[in-house]
Every structure is written in C-alpha cells, then in structure tokens.
Amino acid sequence: MPKIEVFQDALYKYAGKKYGDHELEEMLTVAKGELDDKDESSSELKIELNDTNRPDLWSTAGVGRQLRVYKTGEVPQYDFFSTADKEQDYGDRVVKIDPSVKDVRPYEVALAARGRAIDEATLKDIIQTQEKLCWNFGRKRRSIAIGVFRSDLLTYPITYRAADPDETKFVPLQMEEKLSLRQMTTEHPKGREYGHIVADFSTYPYLEDAKGEALSFPPVINSAYTGAVKVGDENIFIEMTGTELRDLILTANIVACDLADAGFEILPVKIVYPYETEFGGEIVSPFYFQQPVELELDRARKMLGVDFSPAQAKEALQKMGVRAEGEEKITVTVPPYRNDFLHEVDIIEDIMIGHGMDRFEPIMPSDFTPGRLTAEEEFARKVRDIMIGMGFQEMMYNYLGSKRDFIDKMELSGEEFIQIENPMTENYEFVRASIMPNLLHSESVSAHAVYPHHIFEIGKIAYLHDADNSGTVTRNSLGFLSSDGEVGFNEVSAHVSAIFYYLSRDYRLEELDDPRFIPGRAARILYRDQSAGMFGEVHPRVLENWGVQMPCTCCEIDLDTISLEE
Amino acid sequence: MDLDVKSLHPLEVKTLRHVKPGEEFDTERLVMELSFNIGQCNQAFSWLAAKGFIEEARRSERVVYELTELGRSYAEKGTPEERIVEVLEQEGPMKMPELARRLGLENRDVGSAYGQLSKEGVLSMDAEKNVSSTGEGASERMKTVRSLLERAQKNGELEGSDLSSEEQQAIGKISKKRGASGVPFKTADREEIVYRLSPNGAAAREALIAAGMTGEEIGALSPELLSTGAWKNKSFRAYNIQSPPNRVLLGRRNPYGEYLHWVKDKLSSLGFEEFDGPLVETEFWNGDALFMPQFHSARDIHDVYYVKNPSHAKEIEQPYLDQVAAAHENGWTTGSRGWGYSFDRNFTRRQVLRSQGTVLSAKQLPQAKVPGKYFGVVRCFRYDQVDATQGADFYQTEGIVLGEEVNLRTLLGLLKMFAEEIAGAEEVKYVPGYFPFTEPSIEVHIKHPELGWFELGGSGIFRPEVSKSLGVDVPVLAWGLGIDRMALMHLGLNDLRELFSPNIENVRLRRNQ
C-alpha cells in the first residue's frame, strides 16, 4: 500500500479548504487514506492510501481533488482529453513508435505541459507520483516506467525504438560520462535495480528526439541533459513506456489531471504506432478511453440495505467525482483518472462512501444458523483435558523452523520435510513435520525452570505425502515431553495408556527403531493396525545436540488417526 | 510485645519450656536432657535465635573425632591388627610376607603391626620366622580401639570430653587433624555456642506455660492417630498460616490458547460453524480465487512463502478453476469486466504456505449452506521480518455469513456484535476500507476500554467475481478480526513473539491481567 508525503499547505490548496488534524483524518477516510504521521516542523504529512485500484490518489493533487470534490459535490471538468471520436490539437508534438519495440516493450504514451515555473513542492510531488505509480501500479517499472523531460531541449518528432545496447550511448542522470545502454545496466544504480527487466533482450528500449538527442533508456534512466527537470522549468514533457496500454494511458491521464490542477496547461501529444492497438494505430494523449457503466439502482438498494432515491444516489456519486444520469437505471461517466469500475459493486461502494458511513444503521442478521466446532477441535479438546489432568503444561509453538533444529539435531535425514523455496532466513526454512523438536527446544531454554517438566502441544504438522493432490498432508498432532531425573519409559507408557483409556480406545505397541530414541526403549503405537504415533526415552545424543542435560521422554500421537471410531 | 507462641515448632516449645531464665544451655545439654539429636538442637537454636528468644551467652571449644573412610572400613571389616590375629588363629602360623599377601596388606604395615602386637603379647615368632598367635586374644589397647570405632560408627563422631584417659591415649595415635585419610579418625576442633534465654524468650516461656503448650501437641494428623483414636486426649499444634506455601506445578492450558479457545466458543455460540484446512495451499486458493490478479503486487515472491517441492499441486478442482480463470480474464458471468489478462493455469497450481485466513473462507464457499455462518482461527504464514509486531507464522480469525438478505447494514450489525461481544468495545466506528476480494469493504475501529481506538478488523461483501466463481449466488459477508492485539493485552504482553514462547517458566507463570 503506497504511502505518500504531502505538504500540508499544498494539500489544503488542492482541497480548497484547511482542515484540523482530526478533521483531516475523518475526511481522508473517503479516499481510504490514513494520516500516518505529521512532521510538525516542516508540516509535512505522511498519508497511507489503502486502495491499490485508485492510483489517482497517490499524489498531493489526487488526494486534494478527492477531498475537494467530496466537500463541494462538484465534478471537475478537464477539456484536454481526446476521445475515439474527437482529437485535440497536438500541434507538432508527435512520438513515433518504431516496429522494433513490439517484442521488447511495446507501448508508449506521452503528454506535455507548460505554464508556470515549477516550484519545489510541485517538483517533489511530480517525482513522488512518478515513483508511486511506477512502483505500485507499474509493478516496479515492469509494466510502467515514467520519464519527465525539459521540453525546451527537445525537437519533435520523438522516436521510441529498440536500440543496440553497446552502440547506443548517452550521459545518464547522476553521471558525467557517456555510457552504453549495456554499461548502464551494470554501472548505474538504477541499472542495477531495473536493468533486469530488459536484460534478456538483444536490443534495449530507447527514446530520442528528431535531432538524435537521447531522452532515456526506459525503464532504467533518463539522459542527464534532457531528463533533469529543475525548479523553475516551465515546459515539461512526460512519457511512459510499458507493457499494458490501458495502464499507461490511465497513468498519463492521472499525471495530466494532477498538472492541470497545479495550474499547468496540458499539451496533447500524438503517438503513432506502426501496429494496431486496441485504440487504433494513432492515439492522441491524454486519451479518455473509459466506457460508461450502468447500474440498476435496486441492486445498490439491496446491497446497501437503504432505499435511495435516484437523486440521492447521483448526489452520492457526485461527491466521489463520478457523474451519473438516469433514474432507476443510472449511467455512470467514469472520471478520466479512474479505471476501477470493474463491476457494478464498485459503483455501489462509491455510493456508500458518498452517502456517508454514519448514515447506515447497523442491523443484526436475522437468519438462524447452528454454531459448531470442527470434529477435530472437539477431539483435541478431549485430549487436552486429559493431558492437563495428568499435570502437563500446554505450550504453543511456531510452525516454521530451521534444518538445524527440525532435522539435524533430531538425527533425522529429513526427506519428508516441506522446505520453503524462498526462506527469509534459514531460521524459518522448514515446516515442522513433528512437534518433538519444538518440545526439545523448550527444554534447551528451560533448564532454570523447576523440575519436573511436563509439557505438551496439540497443533498441526505437515509433511510430504505423494498420494495427496498437493503432495503434502497436514495433520493434527499431540506431542508431549517429560523431563526430570526420574523420567523413564514406564512413565511415558503409563501416560499413553491413560490417554487411550480415557478416549475409550485400544492400542498395541511394537518395537521401534528410531534415532530419536534409545534403542530398546522406544515403541510405535498401533491403532486399528495403523501407525498412530511413537514414544520412548529420548536418545542422549539428541539431548546432547540440544544441549539438554536432563533425561527426557517424548511421545507424539496422530490425533486424526486415533479420532476415528474403533 | 504481643507474643505469638501458638505457631512455635514443637522443638522450640520444648526447648523454651525446659530451660529456665538465667540458665545456660548448649547442644550437649539438650541431647542429654531432652533426647534431641544434634540436628534437632541446631534447628531449635537457629529458629529461636532468629526470633530473638535466645541469645549467645558465650562460646566453648571442644574436640571431636570423626570417623574417616578408612575408619568406617576398620569398623566394619576389622583393623589390620584384628585381621592378622584372626587369620593366624584360624589358619595357624605363617611367615610375614605370606601373611601380608593373605590379607592384601603392605609388608611394612604387617611388620609394624607385629612389632606392636608382640610387645603386647598377642603374637610371637619362632626360629623359622613363622608368626603365630599366643592365644591371649586381643590386647586391652585393641579392645579400646574396637570400642572407639563402634561408638563412633553409631554416633557419627566421638566427643573428646567423653573419652577416658586410656581412650584418649589410644585415639591420639590413630587420629590426625589434617591428611587423615591414612588413619581411622579425623580430629576436629568445634566451637560450641552456649545460649541463654533473652527477656523475650523468658516472656515466651511464660506465655507457653500460660497456654499449656508442651510441644507434645499433634502435628500432622496421621492414619495411625485416627485408627488408634490417640488424637482424642491431645491438642493440635497451631500452624503459622502466614508461612509461604510450596509452589505447585500444575497441568495447565496455554494462556494464549485459552484466549483463542474462548474466541472459538464465543463465535460458535453466536451461530458460526468452524472451518479448518491444510497449511499448504495453491496460488489458486491463496490468491486467484480471491480475485487478486496474478500480477498483483501483494503476490510477489517477497510476500508469500513458496513450497520448494512439490512446487505445483497436481490439479485444481473443476469447475472452479475454469470459472475463476474466466472471471479474471473477462469477468465470466459475474457481471464484471474482469482484469483483462491471460490467466496463467500453471502459476495457479504453484504451492505456497497459506498467507491469509480468507483463503479458507473462500474454500468454504463451494460447500457452504445458505443461510450459513462460518469461522476459522487459522495459522497463516507471511514473508516478513520477524519482530515484535509480526511472527513467521500467526493466527488469523476469519469468517463469512451467507444469506439471501444480508447486506451492508447486516455487515455493520455483525461488526458491532463482534466489537461488543468479543472486544468489549464502548464505541464503534466504520470506515471505508480496501481488500481485493470485497466490495464494498469496511474497516471497523473500536474504542476499547483499555487500548483506546484501534482497528478491530476488516470486512466487506465478497465481490461477485469471488462468490459466483465458487458457486454461490447470494451475498457473502466476509470478515477478519485482529485477535492477537487483544490477546496480548489480556496477557499483559507487548511482543507477538511471546505468544509462541518456548520458555517453560514464562508460560507457566503467565496469566490473564
């Protein structure tokens, strides 16, 4: 979830109104935003925005717009959008797409803006918007990368093509010498971060102007000459390249609306494709591509549990910046900076927010349903009562652990363990296949605790199991351990006997050869002729591995096996 | 001074009643007059001194002889001299080296023993150097030594002042202060404290006499006392009810488990049926079925733990796979336009460790009853640094409500019920939220009596892309509650890792605040 930093004054300018901190917090809920932090000295606010489908909110202008519209109910109008039917005047501003990028990074969209000298807050906001959009919405530049340029230095038409990584050179931002595109992927910090996106291609994406002046090597880095926008610049050119055309157009629209709200004049740019796109071969950007969406008002009434009049519903939508027409069936015009109406439920939610949460009266569901625990939980509770009755302390453990603890210290070979492919650390690399290592871990850190120790856990274990669809199986398991100078096979066997007696179940024992136990002092439990667990005196080698200096007996029983009726 | 003599121990009572103010007394006196053993004397003195009832009058020096390891062996098996005499009497004369071999002694030890014994007329030697017994038997000195050994073995040690002059002489030769392992006795100097009653002790004595306490009161009530009826003519000793009791190591629930147990009981009492599921899930259930696009940022390799092997499940259950895939691609028949990308049917089989409890809510849908209410308290795994606020694995409490008539207002009602019943909240506030699988989405914030305002949970109505694809045509309320925060508060903890503490003592001592 993106978190943005905004200057309080700038936010209130866009919002058209000043708010107190508490008031602002309340208001931000309409943008699904939370005031995270406030730096009193710089009056900079940190705002977290929860809706990952509303990238238009990830800027000062965007949040400010939502607050303003909510308060005034006035839907903003932007007149610079082209549509499929109507092209805006793009002057000489043309970007030509070369066929060579089709398989590398096929789409590019651009716009230009002019007007006033950029101040520091605006520049910071532009850069922040660019970063948030590329990172969260553009999948870390994979599907969207944005570049901002000084348009005074550019000559149209601009060309977007795939270039030779070794022959093509320019001076990238933050450097002073010319590097080849390939060198940038290894020598420039941004290249090391994003170079992998294009590294496997034989040619790399490249933007240059009519005079052959480099703009950028997307999605990696801009030219230090054309791409270093500074405070005071009045004319800028913004372009985005990527893999999803709709997302790119939406991004351009968001940036255009933000700049327009900041007082810039938006200058359309025509993109000429050599191949067909879903919007044709030529697109004049910013481009309004959204289709109207329809909603039967009764659907909203049923879902929200309130009898809205059409006027109320339309008013609520208007507060969310959404124009709607009609009566029982309303037609919604999607704002150019949004594309999150996948389903009518998305419109219904906007009605909900526009209407105001505090206007919905909670009622209780009236359906009667019987409550019930799972059979496994009921059985576990019986077993837990027996264990506690026998004087055992219940423990609860994490299910992830290391090879060292789960396998090596237990003297096991470990082939039935489920391993994590991308562990964060080797401490959490395996799923436990048994509770015994957790119990011994307890012993290893509890030598100071008054003896005797009687501890147990009822929990889940999981291990590899071919027959299952997943090749693994999760089981409910009971593990218990006793430790003190006096423990021995007889005692743990007595505990097992008591458990089975009070569960009204019979069991048999057979000799067990297992490296975790002392030979001749370990038993396998058979229930209905199936293996249902094991117990015995823990082998001193295992105790030594754990650094435990007190004799231990241990038992583990598969509760899913013994819960079956005889 | 208000004297509490009722709780005095019988040893204290007997001592106080026996000695008179002004008299001096020590261990020896009590042993003799009250038949205490040394340990009992010391116990009584230490307790009485601690209470200020007796005080030190002076100290006296005394010598005691302790039996050494060798001495104990002599006492049991005989001294070398006794064994020499015995062998010679039983087996007849023999030469000294043979005698040494026969008894397992050094030649020189046998030699010096012979020297002493021949002087005492116990042994003699002939011309062939055969040693034989004179038939006189043990000498007086030998008898003295034997008597010393036996008394020492019986009493543990010998008081120097108890010994006769012959005994003093005999023991002097076979005892040492240091390096005593080669002789049967170790000499030790003891400093003995001689006590007298303090004024308080004298008062306590008066109080005991006034109360008629003799120290013969019944302590523990034994089966014998009951069967013989001997208790009938006696009184019972009063115990000090303030003395700290022993610690009990009891069998006990884990306090966190107890809290989860309570939550489960609460939810089932509110009409919810519990669900559960395996720890290993597929991307299908963990994300796809929840309408999270496969390219969603939360589905990155850095957010979910992948199972190394088997990396993929064999298959995904139909028709849900086709329906979910279509919902992602074009909305299927759910009324949605979908995400508009090509659904990856290989990726969807990828196995992961369940990362959110909602997975099991979604999995419940194909078999859910209408109307129906379900919940689960389920273990989840998240790819994150382990610290005080997040563990490698943790419990989530999630559930769903299905019904023809459920809507936003019943969702709010449900949340209000949770807030009041489970969190004991005083005030409830609802704010719009965002979850990929619900629309609308609501966060519920509550004012907790102790924690103040915080987010109790997230909720919403399942998107039709989720519920319809899994075979449900009625609205489904979905909710999740942040139980752990309240559990920590109940247990007086502030670190989530503590909920799964392996430390036995910590868990034993933990209790609800």
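This passage describes the fold, surface and partner contacts of chain B in a predicted model.

Chain B contains 19 helices and 16 strands. Its radius of gyration is 44 Å, whereas the globule rule gives 24 Å for 513 residues. Chain B is therefore more spread out than a compact globule. The dimensions of the C-alpha trace were computed along the principal axes of chain B. They come to about 125 × 75 × 45 Å.

Of the 513 residues in chain B, 52% are buried. Contacts within the chain were also sorted by separation in sequence. Among those between residues at least 6 apart, 67% join residues at least 24 apart.

The surface of chain B was examined next. Chain B exposes about 23,700 Å². Carbon and sulfur atoms supply 48% of that exposed area. Chain B carries 63 positive and 75 negative charges. The mean positions of these two sets of charges lie 1 Å apart.

Chain B also meets chain A. In this pairing, 100 residues of chain B are in contact with 89 residues of chain A. The size of an interface is often given as the accessible area lost when the parts come together. Between chain B and chain A, the buried area is about 8,200 Å². Carbon and sulfur atoms give 57% of this buried area. Three residues stand out on the chain B side: R409(B), Y434(B) and I504(B). Together they supply 9% of the area that chain B buries against chain A. No other three residues supply more.

Technical notes
Residues are numbered from 1 along each chain as its sequence is written. Chains are lettered from A and ligands numbered from 1 in the order in which they are written. This is a predicted model: local features need pLDDT of at least 70, side-chain atom pairs count only at pLDDT 80 or more; totals for chains, interfaces and linings use all residues. Side-chain values use heavy atoms; hydrogens and water are left out. Helices (H or I, at least four residues) and strands (E, at least two) are DSSP runs, numbered from the N terminus. The radius of gyration is taken over C-alpha atoms; the globule rule is 2.2 Å times the number of residues to the power 0.38. Buried means under 20% relative accessible area, exposed over 50%, partly exposed in between (1.4 Å probe, protein chains only). Contact means heavy atoms within 4.5 Å. Accessible areas come from the Shrake-Rupley method with a 1.4 Å probe; for residues, only the protein chains shown count as cover. Lys and Arg count as positive and Asp and Glu as negative; His and the chain ends are not counted. The place of a charge is taken as NZ of Lys, CZ of Arg, CG of Asp or CD of Glu. Buried area is the accessible area (1.4 Å probe) that two parts lose on being put together, summed over both.
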